[in-house]
Structure formats: structure tokens, C-alpha cells
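Please open the structure in your viewer, with the sequence alongside, and follow the stops below in order. At each stop you will be told what to select and what is to be found there.

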Amino acid sequence: MNFSLHSIGYGNRSIEDLIGLLLQYHLEFLVDVRTRPWSKRFEDYRKENLQRHLQAAGITYVFLGEELGGMPTDPELRTAEGRVDYVKLAESDLYQQGLGRLRTAHQKAVRLGFMCAELRPEHCHRALLIGESLFEEGINVGHIDHDGEVRSHADVRHRWLDGRKLELF
């Protein structure tokens, strides 16, 4: 299956491994969807360092953490317990603006990846929220998994739904 939109998490990947995967899948843009674009553990994943590494590899960096980040600061987008309410977040104007940019990229067949820190897509808002929003519109994202293989959103969705069923027992 050929995807124009991909998601990827860096986890414990080196910057060279991340860039290698982006190049392997011919991605021209990397959209950073982290609310806070830095890493305590990995200097290479601080916004300005990441942008520099990507530019050297011929990949354009775009920050959309304000629009598509998974940890909004707006208290209206949280539950009474203080957890992020993905339903409210998905309905927010800012999120819809960011999603619109991904939708436009898909319509123009721009090859891009959107990145967060979590290595496994089924544990991250890039699949649980962004991938799901796009999937509901008929856009199937290719998630670059922890092993560097691309999984369709339908496959990742199946894995997280299986995980939820297991948690019930």
C-alpha cells in the first residue's frame, strides 16, 4: 500500500536512524506534532537541532504542535480529572486548522511524516487522534512502527482495539 502521509515516533532512535527512515520512505516534510518540541534525553530532538539535521538531509521541518499537539494547555479541552479530552480536542478550531493542513498535503500528494516522541503508534496521539481523524475522512495514514516497518492505520487501529479488549479482562 502506498501512503502520502506517514506518522513516526522517535522514541530511542538516533537522529540518523530517524532520518534514514524518512529518506527510505521518500518523505519530503516532517511535521512535528509534539506540544513541546524538545526532549530532555535527546538533544538532537530539540526543535532547532532537529530542524538543522533535517535541513542537511533535504527534508523540510514544520512545527504544528500548537494545532495538533496531544497535550493542549486549554482547560476547556480537559476532563474534570484533568486528562485530555480527545473528542473536544478533535472538535476544536485550532486542531481542525492543523488537520486541514495535513488534508491539503494529502490532496496534493505531498509526501510527509508527522512525528511525536512515542515509538509505537498505538500508544500515541498521532494514531489515536490524528490518524483516526484522517481515517474517518477516508485518508489511511501509514504508521512507521518501532521496527521501521509501515503499518496501515487500519492495522494499528486493530492492534489498539485488541489491546483494549485484553484490558477489559
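## Starting at strand S1

Begin by selecting strand S1, where Leu5, Ser7 and Gly9 point one way while His6 and Ile8 point the other way, and where all of these residues are buried. The model on your screen is a predicted one, and this should be kept in mind throughout the tour. In a regular strand, the side chains alternate between the two faces of the sheet. Strand S1 covers residues 5-9, and five of its five residues are buried, so the strand is largely enclosed by the rest of the structure.

## The neighbours of S1

Keep S1 selected and add strand S4, which pairs with S1 in the parallel sense over five bridges. To see one of the contacts between these strands, highlight Ser7, whose bridge partner in S4 is Phe114. Next add strand S5, residues 142-144, which runs parallel to S1 and is joined to it by three bridges. Here the residue to highlight is Ile8, which stands opposite Ile144 in S5.

## On to strand S2

From S4, which spans residues 112-116, move to strand S2, since these two strands run parallel and are joined by four bridges. Which residue of S4 does Phe29 stand opposite? Select Phe29 and look across to S4, where Leu112 is the residue that it faces. Strand S2 (residues 29-32) also pairs with strand S3 (residues 60-63), again in the parallel sense and over four bridges. In S3, the residue opposite Phe29 is Thr60, so that Phe29 is a convenient place to pause and look towards S3 and towards S4.

## Helix H2

Now select S2, helix H2 (residues 47-56) and S3 together, and trace the right-handed β-α-β unit that they make. Within H2, colour Asn49, Leu50 and Leu54, which are buried. If you turn the view until you look down the axis of H2, its buried residues fall within an arc of 130°, so they line one face of the helix. On the other side of H2 are Glu48, Gln55 and Ala56, which are exposed. Of these, select Ala56, which has a relative accessibility of 73% and therefore counts as exposed, the cut-off being over 50%. With Ala56 still selected, add Arg78, which is 22 residues away in sequence and, C-alpha to C-alpha, 39 Å away in space.

## Two pockets

For the next stop, turn to the largest pocket, which holds about 340 Å³ of space. It is lined by 17 residues, and those closest to its centre, which are the ones to select, are Arg34, Thr35, Met71, Cys116 and Ala117. If you colour the lining of this pocket by residue class, you will find seven nonpolar, five polar and five charged residues.

The tour ends at the second largest pocket, with a volume of about 220 Å³. Select Gly65, Glu66, Pro72, Thr73 and Leu94, which lie nearest its centre among the 14 residues of the lining. The elements that give two or more residues to this lining are helix H3 (65-68) and helix H5 (93-107). Which helix gives the most to the lining of the second largest pocket? That helix is H3, with three residues. By class, the lining of the second largest pocket divides into six nonpolar, five polar and three charged residues.

Methods:
Residues are numbered from 1 along each chain as its sequence is written. This is a predicted model: local features need pLDDT of at least 70, side-chain atom pairs count only at pLDDT 80 or more; totals for chains, interfaces and linings use all residues. Side-chain values use heavy atoms; hydrogens and water are left out. Two strands pair if DSSP finds at least two bridges between them. A crossover is right-handed if, with the strands pointing away from the viewer, the path from the first strand over the helix to the second runs clockwise. On a 1 Å grid over the protein atoms alone, a cavity is a set of points where a 1.4 Å probe fits but cannot get out, and a pocket is an open set with protein on both sides within 12 Å along at least five of seven lines; lining residues have an atom within 4 Å of a point. Grid points are joined across faces, edges and corners, and a volume is the space filled by probe spheres set on the points. Ala, Val, Leu, Ile, Met, Phe, Trp, Tyr, Cys and Pro count as nonpolar, Asp, Glu, Lys and Arg as charged, and the others, Gly among them, as polar. Buried means under 20% relative accessible area, exposed over 50%, partly exposed in between (1.4 Å probe, protein chains only). The arc is that of the directions from the helix axis to the C-beta atoms.
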